[in-house]
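Visitor: I would like a short tour of this model. Where should we begin?

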Amino acid sequence: MAANKKLLVLPGDGIGPEATRQVMRVVDWFDKHRALRFDVSDGLVGGAAYDAHRVPLTDETLADALSADAVLFGAVGGPDWDDLPFELRPERGLLRLRKEMQLYANLRPAMVFPAMAEASSLKPDLVRGLDIMIVRELTGGIYFGEPRGIEELPDGTRRGVNTQVYTTPEIQRVARVAFELAKKRDNRVCSVEKSNVMESGQLWREEVQALRDAEYPEVELSHMYADNCAMQLVRQPKQFDVIVTDNLFGDLLSDAAAMLTGSLGMLPSASIGDPDESGFRRGLYEPVHGSAPDIAGQDQANPMAMLLSFAMLLRYSFDLGEEAALIEQAAENVLASGMRTADIMQPGLAKVSTTVMGDSLLRELDKLAT
Ligand code: NAD
């Protein structure tokens with residue numbers, strides 16, 4: 001674990017800053033009640049960085065991110081910056097951060113708190129207690145493979161090309177993340193590809209199996225075709241523990257799994273890279289939702305995704321599992337008490353603001369700490 005816990009906070013645009021503010025209150029709480037101190041700095045990213053510096057991420061902020069132990073990221077984008085050229089758009093700031101920090105494993109948990117089971121589009125019994133972790137490969141595969149492009153053909157028609165390509169090291173490093181996670185959970189990994197129709201999928205399956213046999217014999221490994229996985233996620237989602245898959249399938253399957261939980265405002269994520277010699281992993285943590293310009297600045301945003309992203313940061317970058325669990329338990333208690341922001345409102349419950357949700361979480365932390 002890093003000694004001084006250097007944390008860079010990049011609130012970004014829209015609801016990013018107001019959601020991040022609730023996390024900062026929790027950071028203060030840990031300082032006061034647990035003598036757990038972070039060396040916090042902040043910076044601009046996305047549209048906010050563009051407005052100040054004419055780029056979505058300055059070299060200085062990137063350098064800060066590279067020297068931080070963990071980055072907490074809000075959200076970027078909004079109508080003010082929709083007409084900018086491609087390379088200046090707010091999301092380019094996030095993509096540059098992920099690339100330069102070499103964050104190849106994207107962790108997307110799909111968890112349903114008991115109090116939220118009714119909010120899912122599936123029957124409550126199918127999702128109550130759901131706890132899946134999807135590990136998506138983030139820097140390879142068809143989104144990056146060469147050759148790519150659109151070409152004119154001699155007959156006047158056009159041809160679009162993208163290439164799905166994976167190498168042994170790329171598969172092994174993301175599979176390793178999945179096996180390590182499984183060891184701390186229910187010890188089961190399901191590797192997902194389409195080895196029935198794709199050679200890259202065949203390689204994926206063989207490499208994951210070989211790695212498991214060589215290094216993780218204690219972890220239960222199964223394989224599934226991606227189309228079947230999509231069906232199983234909506235048929236019987238609780239059958240899964242950890243799913244590991246490539247960039248494209250992970251993009252689709254993690255969004256499908258996310259919706260089992262009922263709301264975008266509840267979903268955290270982490271992107272992590274290689275561990276250093278001491279086993280420490282640098283990571284970037286962010287809610288799955290965007291900047292929600294429609295409700296920005298109105299104290300209406302659900303801060304849970306951001307707070308749960310901070311819990312992931314504590315667990316995966318700083319090995320503070322107990323503190324992470326404390327935040328998750330406090331979140332569960334807030335929801336069980338019937339507090340809801342507008343996005344997760346249900347009949348008969350209390351509709352509250354972002355700030356009141358933050359107040360309630362701090363109160364629950366106080367209760368849990370006594
Ligand atoms: P969005 O996630 O911002 O919003 C979708 C809908 O969900 C909106 O109605 C919004 O009000 C609601 N919502 C989202 N998060 C919420 C929360 N925490 N609490 C309550 N309601 C919430 O997606 P969008 O509308 O497609 O995109 C808006 C902007 O965000 C765009 O500029 C887009 O490019 C950007 N975006 C950024 C990221 C990111 O920063 N990682 C991700 C997705 C979209």
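Visitor: At about what angle to E5 does helix H9 run?

Guide: This is a predicted model. Helix H9 spans residues 247-259. H9 lies across E4, E5, E8 and E10. Its angle to E5 is about 155°.

Visitor: Which strands stand at the edges of the sheet?

Guide: Ten strands form an open, mixed sheet in the order E2-E1-E3-E12-E11-E4-E5-E10-E8-E9. An edge strand here has a single partner, so one of its sides has no neighbour in the sheet. The strands at the edges are E2 (39-42) and E9 (220-225).

Visitor: In E10, which residue is the bridge partner of Val-192?

Guide: Strands E8 (residues 188-193) and E10 (residues 242-245) run parallel. Four bridges join them. For Val-192, the partner in E10 is Thr-245.

Visitor: Between which domains does the largest nonpolar core lie?

Guide: This core has 68 residues, and Leu-107, Val-135 and Phe-310 touch the most other members. Helix H10 (residues 304-318) gives the largest share, eleven residues. Two domains both contribute residues, so the core lies between domain 1 (1-106 + 278-370) and domain 2 (121-261).

Visitor: How wide an arc do the buried residues of H4 cover around the axis?

Guide: The buried residues of helix H4 (residues 90-100) are Pro-90, Gly-93, Leu-94 and Leu-97. Their cover includes strand E1 (6-12) and helix H2 (47-53). These buried residues are on the same side of H4, because their arc is only 95°.

Visitor: What is the phi of Gln-102?

Guide: Gln-102 comes just after H4. Its phi is positive, at about 55°.

Technical notes: Residues numbered from 1 in each chain as written. Predicted model: local features only at pLDDT ≥ 70, side-chain atom pairs only at ≥ 80, totals over all residues. Heavy atoms only, no water. Core = buried A, V, L, I, M, F, W, Y, C linked by side-chain atoms within 4.5 Å. Buried < 20%, exposed > 50% of the residue type's maximum accessible area, 1.4 Å probe, protein only. Helix = DSSP H or I, 4+ residues; strand = E, 2+ residues; numbered from the N terminus. Domains from an automatic or database assignment. Arc of directions from axis to C-beta. Contact = heavy atoms within 4.5 Å. Pairing = 2+ DSSP bridges. Axes fitted to C-alpha atoms, helices over the stretch in contact; angles between N-to-C directions.
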